[in-house]
Amino acid sequence: MTLATYNIHACIGGDGRFDPARIAAVLGELDADIIALQEVEHHSVDELDLLEYLAYQTGHEAIAGPTLFRETRHYGNALLTRLPLQSFKHIDLSVAGYEPRGAIEAIFDVDGYELQVIATHLGLKSAERRWQVKQLIDLKSQQEAEISCLLGDVNEWLLWGRPLRWLHRHFGSPRHLATFPARWPIFALDRIWIGPQRCQMKLSVHKSELAKQASDHLPLIARIRF
């Protein structure tokens, strides 16, 4: 099974153009069963909400997880899935005085195995991220799923930062793969952790020419086995 995380930058590419069709094409290239999206801004595209448009174009079901609510366009996280969903809930990870943040926790039944997926986009300040990571580790621990996955844009620029160390200690230490900026990636801001770690077969960055243009992040892909 394939999972991916992708910060779509509100469908604005490196050329400054708003182009949802380009993002949909990259999602098609990924061919993933579950995709966590960040920076989803709810424009109207072909008379559909942006997230509905992306789901329609890729053949996935959509789960919205907005964190900023506006009169015109909401903004935040989302999940796209081809797997049957058992349940989901929104987790508030907001810290007073900073941009609201959150996570989506979704539970899937995959051939009799329970899969927990937590998709998130963490804050820009280190103090935010430390508190948010503690909440996410607690959330993962409360659900006794056979396989757990935490994925998203964790905004951790330093490989030795405490949030990363805590997550590696809890899930294991996957490779540091640079995804940002898309054209010349240097920083491993986007992450996928799988527990137990032996279920993870491969971790890779999707580096197609289209992906380098469509957003300021590259997608990160994990292949797992049950």
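**Exercise 1.** In this predicted model, determine whether arginine 17 is buried, partly exposed or exposed, and identify its salt-bridge partner.

*Solution.* Step 1: the relative accessibility of arginine 17 is 44%, so the residue counts as partly exposed. Step 2: the partner is aspartate 15, with the closest N and O atoms 3.1 Å apart. Step 3: aspartate 15 has a relative accessibility of 45% and therefore counts as partly exposed too.

**Exercise 2.** Classify both partners of the salt bridge between aspartate 19 and arginine 22, then do likewise for the salt bridge between aspartate 31 and arginine 82.

*Solution.* Step 1: the side chains of aspartate 19 and arginine 22 meet at 3.9 Å, N to O. Step 2: buried means under 20% relative accessible area; aspartate 19, at 16%, is buried, and arginine 22, at 6%, is buried. Step 3: for aspartate 31 and arginine 82, the closest N and O atoms are 3.0 Å apart. Step 4: aspartate 31 sits in the loop between α1 (20-30) and β2 (34-41), and arginine 82 in the loop between β6 (75-81) and β7 (85-92), so this pair ties together parts that are 51 residues apart in sequence. Step 5: aspartate 31 is partly exposed at 47%, and arginine 82 is partly exposed at 36%. Step 6: shared partners join Asp15, Arg17, Asp19 and Arg22 into one network of salt bridges. The structure holds eleven salt bridges.

**Exercise 3.** State how many disulfides the structure contains, and explain why cysteine 149 forms no bond to cysteine 199.

*Solution.* Step 1: a search of the whole structure returns zero disulfides. Step 2: the cut-off for a disulfide is a sulfur pair within 2.5 Å. Step 3: the cysteine sulfur closest to that of cysteine 149 belongs to cysteine 199 and is 11 Å away, which is too far for a bond. Step 4: cysteine 199 likewise is in no disulfide, its nearest cysteine sulfur being that of cysteine 149. Step 5: cysteine 149 is buried at 1% relative accessibility, and cysteine 199 is buried at 9%.

**Exercise 4.** Identify the residues that form the positive surface patch and those that make the nonpolar surface patch.

*Solution.* Step 1: the positive patch consists of Lys134, Arg162, Arg165 and Arg169. Step 2: its largest share, three residues, comes from helix α4 (residues 162-171). Step 3: arginine 169 lies in this helix and is exposed, with a relative accessible area of 63%. Step 4: Trp157, Leu158, Leu159 and Trp160 make the nonpolar patch of about 440 Å². Step 5: tryptophan 160 lies in the loop between β10 (147-153) and α4 and, at 60% relative accessibility, counts as exposed.

Note on methods
Residues numbered from 1 in each chain as written. Predicted model: local features only at pLDDT ≥ 70, side-chain atom pairs only at ≥ 80, totals over all residues. Heavy atoms only, no water. Patch = residues over 30% accessible without salt bridge, like charges linked within 9 Å, V, L, I, M, F, W, Y side chains within 5 Å. Areas by Shrake-Rupley, 256 points an atom, 1.4 Å probe, with all protein chains shown as cover. Salt bridge = Lys/Arg side-chain N within 4 Å of Asp/Glu carboxyl O. Lys, Arg positive; Asp, Glu negative; His and termini not counted. Charge placed at Lys NZ, Arg CZ, Asp CG, Glu CD. Helix = DSSP H or I, 4+ residues; strand = E, 2+ residues; numbered from the N terminus. Buried < 20%, exposed > 50% of the residue type's maximum accessible area, 1.4 Å probe, protein only.
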